Amino acid sequence: MSLMNLTAVELGRKIRAKEVSVQEAAQASLESIDAKEDRLHSFITRIDRKKVLARADEVQKKIDAGELTGPLAGVPVAIKDNMNTKGVLTSAASHILDNFVPRFSATAVERLEQAGAVVVGKTNMDEFAMGSTTETSYFGPTANPFDTARVPGGSSGGSAAAVSGAEVPYALGSDTGGSIRQPCAYCGATGIKPTYGTVSRYGLIAYGSSLDQIGPIAKDVSDCAAILETIAAPDEKDSTSVARDSYAFTKSLTQGVKGLKIGIPRDYFGDGLDPEVRQKVLAAADVLKSEGAIVEEFDLSLVQYAIPAYYLIACAEASSNLERFDGVKYGYRTKDYEELHQMYKKTRSEGFGPEVRRRIMLGSFVLSSGYYDAYYLKALRTKALIKAAFDKAFARYDVILGPVAPTTAPKMNSSLSDPLKMYLSDVYTVSVNLCCLPGLSLPCGLASDGMPVGLQLIGDCFREDNLFRAAYAYEQARGPIMSPFAREEAEK
Amino acid sequence: MAHVIDDETIDYVGILAKLELDGEEKEKAKKDMAQMLDYVDMLNELDTDSVEPMTHVFPVNNVFREDVVTNGDGSEEALANAPEKKENQYVVPKTFV
């Protein structure tokens, strides 16, 4: 066993008990990254070893002085590269930001650091989080730790691969349409997209502001609860952040599922779902039933309309949010230009990759006069209908259970040629973002190709407690799932 | 209904999106956009005439604070990542031609 095979909470406990020093934990992470990065490429930026060890030293002193007592004190972490980290390159995996060194850190990162986290690097992702495979990164793709010929999912593919590959105990991701949950499903990791507003978006490079949420990517459910407790808080720098009644997520873990009402939407198990994924997900539902949950099938309705509504809203918001990248204030500026507008256009055309350009164009179109009502407002009306369908479901059920993605992780180079097909694979995840709901993804076994299958649990707004209850109960029955890279780490 | 994006529309989108599209890319963009619009037309199957557009799921309120400066002069930091700067200002190419 290596320290990198421990969960974040287990490692934190050993550090507080003085069985392991913060330096040793950081060293173990740096060594694991050194040994695996050639094959995985989870990281865009690896923080200089000396700086990491100096930070570890600083945290150790604070732990020794009794100033840091939380579960994550001294535990190494990786941060998705769309979250600002003071003094460390933050590129959002884009050429247009490939020289951007922020002067401040995102609130979520700051909260982790205040809790004693040791940041070891910035993880790879789809450019500006636009993609489902991490293949749209300007810095090249990341490999899946279960099979390096496959994608890790996206957009938080680097974070999921780093955790699944035992390079770090945990990481932060962001989720606009499934970008935490789907890579967790593909890589056998566990992650949660919290209720919108739970974690501050300050310092997160915006994609779709009404949809974006930061959340944990970890080895197990307990870690997710502990990490979310650390990063969740209202923030005066994000006016959409919410003061919740409860942040005691860890407390819910062991409450069991006796009497918990779980609904399985029949419309999530129709055409397009891989039979093995279907079988594993339904087997997980049976486990929860045997643990005392009340499990029923129901018709959610409107499922097929979530993707068109989502892409219209996400692209509209992206076209507005990405206006700021103009070659004036930060980032890349084109070399040859004569006047201002030409400079803008050349900078943006050279700086953004094809998928980002595609979404900016669609967003600009649907917001333009003459099309605004027909597309953008139509999508917002559809969102209202979808939200009403979920409200109706949550009047009867505490948790909605289904797959995360229709298949296991696809092969590299098989997705980008048909963008619409790639968008369709987000069918089970996007409505959670549209409706601001919390969604948790955890592995529910391996398919016959050896790849992990993801189980998704969806809760009503601010009811993460129900997700943690169900996920923890299921995880106890399931047992651990390890990638070949994590086994390699354990055997070294 | 199959959408066809003409040159005039894609040029207009290029202006709005501040993107420069060369010949081949323009043709691809026209095709991509038409395909996406064909797909999202699915939403027209839904009768939404009596449905209010939902901009926010949660009730939103203005968030006020006292108008007090708390972060000091950040001009140096704000300019630190500028591609070109001079005398504490961003430099841009000439705006009149």
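Q: Helices (H or I, at least four residues) and strands (E, at least two) are DSSP runs, numbered from the N terminus; how many of each are there in chain B?
A: Chain B has three helices and two strands. The model is a predicted one, in which local features need pLDDT of at least 70 and side-chain atom pairs count only at pLDDT 80 or more, while totals for chains, interfaces and linings use all residues. Residues are numbered from 1 along each chain as its sequence is written, chains are lettered from A and ligands numbered from 1 in the order in which they are written, and side-chain values use heavy atoms, with hydrogens and water left out.

Q: In what order do the elements of chain B come along the sequence?
A: The pattern of chain B is α-α-α-β-β.

Q: What makes chain B more spread out than a compact globule?
A: The radius of gyration is taken over C-alpha atoms, and the globule rule is 2.2 Å times the number of residues to the power 0.38. For the 97 residues of chain B the rule gives 13 Å, and the radius of gyration is 23 Å, well over that value, so chain B is more spread out than a compact globule. The C-alpha trace of chain B spans about 55 × 45 × 20 Å along its principal axes.

Q: Why is chain A called as compact as a globular protein of its length?
A: Chain A has 17 helices and eleven strands. Its radius of gyration is 21 Å, and the globule rule gives 23 Å for 492 residues; the two are close, so chain A is as compact as a globular protein of that length. Its C-alpha trace spans about 60 × 55 × 45 Å along the principal axes.

Q: What share of the residues counts as buried in chain A, and what share in chain B?
A: Buried means under 20% relative accessible area, exposed over 50%, and partly exposed in between (1.4 Å probe, protein chains only). Buried residues are 67% of the 492 in chain A and 32% of the 97 in chain B.

Q: Why does Asn81(B) count as buried?
A: The relative accessibility of Asn81(B) is 13%, so this residue counts as buried under the 20% limit. Asn81(B) is in the loop between helix 3 (75-79) and strand 1 (85-86) of chain B.

Q: Which residues are in contact with Asn81(B), leaving aside its neighbours within four places in sequence?
A: Contact means heavy atoms within 4.5 Å. Asn81(B) is in contact with Asn99(A), Phe100(A), Val101(A), Pro102(A), Arg103(A), Lys329(A), Tyr330(A) and Gly331(A).

Q: How do you know that the buried residues of helix 17 of chain A line one face?
A: In helix 17 (residues 484-491) of chain A the buried residues are Phe485(A), Ala486(A), Glu489(A) and Ala490(A). Seen down the helix axis they fall within an arc of 145°, so they line one face of helix 17; the arc is that of the directions from the helix axis to the C-beta atoms. Their cover includes helix 2 (22-40) and helix 5 (157-164) of chain A.

Q: Which residues of helix 4 of chain A are buried, and what does their cover include?
A: Thr107(A), Ala108(A), Val109(A) and Leu112(A) are buried in helix 4 (residues 107-114). The cover includes strand 2 (76-80), strand 4 (170-175), strand 6 (213-218) and helix 7 (221-231) of chain A. Just after helix 4, Gly116(A) takes a positive phi of about 95°.
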